[in-house]
Amino acid sequence: MRFGHHDPEHEFDPTAPLLATGNLRRRHLTSRVIQGLAVAAAVAAVAVLVIVVWAVVSHGAKAISWDFITKPAPEGVGPNLVGTAVIVALATLMAMPFGVLIALFLSEYAGPRSTRPVQLILDVMNGLPSIIVAVFVFALLVANGGGQAGWKAALALAIIMVPLIARGTQEVLRLVPGHQREAADALGVARWRSVLSIILPAALPGIITATLLSVARAAGETAPVLLISSLAPGDAFSVNPLHELPNVPVRIFQLSEEANPEGFTEAWGLSLILIAIILALGLGSRALLNRSKRKMTR
Amino acid sequence: MTDIDDLADIDREELEEPLAMNGRGHEEGSSAPRRIRLRTEPLPGVIGPPAATESAAESHLHIAPEAVFEAQAVSIFYGKKQALIDVDMRIRRGQVTALIGPSGCGKTTFLRSLNRMNDSVPSFRIEGSIRYHGHDIYGSNVDTVEVRRRIGMVFQKPNPFPKSIFDNIAWAPRNLGMRQGLQERVEKALRGAALWDEVKDRLKDSALGLSGGQQQRLCIARAIAIEPDVLLLDEPASALDPIATGAIEDLIHSLKGRFTIVIVTHNMQQAARVADRTAFFSLETRGEKPIGTLIEFDETEKIFGSPRDPRTRDYVTGRFG
């Protein structure tokens, strides 16, 4: 509105009490409705998590006992927990160096022209359904007569973990202040040495965080282990990744398929253990990340 | 300050060596001191107008012995934007040269082009030539890591590594293979930066716990610990209070003669206090856009006492604008 233009509709008395006038009431209302919708969406997300956790706890808690956690099948799930630990550990060993190197490439070496396509591929890989990775590894290493083995399942999980680790690590490498790279450059030291002794140490907590998050994801992935490491009966402890290893997701699947209600309770129980591990990994990695962010941006 | 005497006692012959890597492998942990005796090894890939048809050895003769940098017709662009036009400047060995001028006049751009720190700016482009002891800094065979190993830099904002005080100083010597006598080297560098007495009892503490002024002196100590030939200081005191600024200026005085120092500063009194020669840059409108230009470069007393150019006079007397 131009100054000097006389518009009686919008005239106001500057000495009137400071209450809403004109369409301000309606604008306040709109604002409140939008805010309410946003809050409701957030509450719904939290509610879903709470309901799932509550359902798992209420159904599974009565199955949990020391014997259940430590003994082999049929009473317990000990070998499954150990087998999943072995498979996921192996997958982490395969995925972590790759993921960290890809992140280093993206943040320290690549120009913008190669960064974008690599990032895009990582994001697409990240969204790849795990069954596709599972079928790929199954066709490549299992179906051709090779048979099932823990390390093959670990390979499939590693393929799922690489983009998570790479993107997570890239984010924390971005947080390492540019002036530290500049300081290192100005001292006439080759870039790979500053990467090893300045940049990676500064980003280490964040790299561990990204890895823990990917471990949490891999521990619950069902399709790869179902196809590639599902024939172990779980009645004995086994840590040899050259053979199929009993594991948690397959056992949950098998228990829930059993005809008796006992098995169903045990499936809930094992789910409870899995969800507890994943929540602990997720919360722990979050805490670690917050700590390192505070340290880096100080 | 006698401690710096031997710290900065670089074998001057090594400075005549071309800036290309030549397989000494000083990065790979050899702890032998760097003594290079190549004097006339031709510099591969010399380009640029003045010596394009001569061999590098001959081009040596055209440069007076005391010149460390010889900039000729230097123009710098960031993409399509020209930041600096036609700078000719000779920077002499062992002196302090100050670059002053209003914001955006290209003085920091010029400083950062002396050790190729601008290379990381994607759209950066330079024309003309900058010779360092006769060698084209932007020659095609020049190794930028080697350039910065000889031409150190201290930045506007103190940027210590998130490591201990000792490790901050020791990091570059370790990575450059200067592992022998590391303790003494760190002490000398800290003494040289007038910081030793303040930190000698807490060398293992984090450098981030130091005050801003101490951090900046730590960064200077870190730069001189590898015994460079030149120190480039980019407004080293602009983030500091007057007392810390005074300490940095005393430090520059004590380093003078041992190192060739080029300092960018917004503070004219500071330039008058520390510099032997001062260059005044300004924004001049050529065509449509203002471009950074070197207006006058002379003895500091002349710049502040009897400048030849009226623009310099207006600036140094505060009648700028």
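Student: How many residues of chain A are in contact with chain B, and how many of chain B with chain A?

Tutor: Keep in mind that this is a predicted model. Contact here means heavy atoms within 4.5 Å. Going by that cut-off, the tally is 17 residues of chain A and 25 residues of chain B.

Student: Which element gives the most to the side of chain A that touches chain B?

Tutor: Let's start with the interface itself, where five residue pairs are in polar contact. On the chain A side, the elements giving two or more residues are α7 (178–186) and α8 (191–220). The top giver, with seven residues, is α7(A).

Student: How much area do chain A and chain B bury between them, and which three residues supply the most on the chain A side?

Tutor: The two chains bury about 1,900 Å² between them, and 59% of that is on carbon and sulfur atoms. On the chain A side, one trio supplies 32% of the area buried against chain B, more than any other three residues. Those three are A:Ala186, A:Leu187 and A:Arg193.

Student: Which residues form the salt bridge between chain A and chain B?

Tutor: The count between these chains is one salt bridge. Its closest N and O atoms are 2.7 Å apart, which falls inside the 4 Å cut-off. The partners are B:Arg112 and A:Glu182.

Student: What kind of aromatic pair do B:Phe124 and B:Tyr138 form?

Tutor: Over all chains there are six aromatic pairs, and in this one the ring centres are 6.3 Å apart with 35 degrees between the planes. The pair links distant parts of the chain, with B:Phe124 in strand β4 (124–132) and B:Tyr138 in the loop between β5 and α4, 14 residues apart. Under 30 degrees would be stacked and over 60 edge-to-face, so an angle in between gets the remaining label. That makes the pair tilted.

Student: Are those two rings' residues, B:Phe124 and B:Tyr138, buried or exposed?

Tutor: Buried means under 20% relative accessible area. B:Phe124 comes in at 15%, and B:Tyr138 at 16%. Both values fall under the cut-off, so each residue counts as buried.

Student: Which residues make up the cluster that ring pairs link together with B:Tyr78?

Tutor: We have already met a pair between B:Phe124 and B:Tyr138. Ring pairs join these two with B:Tyr78 into a cluster. The partners you want are B:Phe124 and B:Tyr138.

Student: Why is the pair of B:Phe161 and B:Trp171 called edge-to-face?

Tutor: B:Phe161 lies in the loop between β6 and α5, while B:Trp171 is in helix α5, ten residues apart. B:Phe161 is buried at 0%, and B:Trp171 is buried too, at 4%. Their ring centres are 5.0 Å apart, and the label follows because the angle between the planes is over 60 degrees: it is 65 degrees.

Student: Which ring does the charged end of B:Arg125 sit over?

Tutor: There are charges sitting over rings in chain B, including B:Arg277 over B:Phe297, 4.7 Å from the ring centre. For B:Arg125, the distance to the ring centre is 4.2 Å. The ring belongs to B:Phe77.

Student: Where is A:Thr211, and which residues does A:Thr211 touch?

Tutor: A:Thr211 is in helix α8 of chain A. With a relative accessible area of 6%, A:Thr211 is buried. Leaving out residues up to four places away in sequence, A:Thr211 touches A:Thr92, A:Met96 and A:Ile165.

Key:
Residues are numbered from 1 along each chain as its sequence is written. Chains are lettered from A and ligands numbered from 1 in the order in which they are written. This is a predicted model: local features need pLDDT of at least 70, side-chain atom pairs count only at pLDDT 80 or more; totals for chains, interfaces and linings use all residues. Side-chain values use heavy atoms; hydrogens and water are left out. Rings of Phe, Tyr and Trp (its six-membered ring) pair if their centres lie within 6.5 Å; planes under 30 degrees apart count as stacked, over 60 as edge-to-face and the rest as tilted. Helices (H or I, at least four residues) and strands (E, at least two) are DSSP runs, numbered from the N terminus. Buried means under 20% relative accessible area, exposed over 50%, partly exposed in between (1.4 Å probe, protein chains only). A charge sits over a ring if NZ of Lys or CZ of Arg is within 6 Å of the ring centre and within 35 degrees of the ring normal. Buried area is the accessible area (1.4 Å probe) that two parts lose on being put together, summed over both. A salt bridge is a side-chain nitrogen of Lys or Arg within 4 Å of a carboxyl oxygen of Asp or Glu. A polar contact is a pair of N or O atoms within 3.5 Å; within protein, one must be able to donate a hydrogen and the other to accept it, and residues adjacent in sequence count only if both atoms are side-chain atoms.
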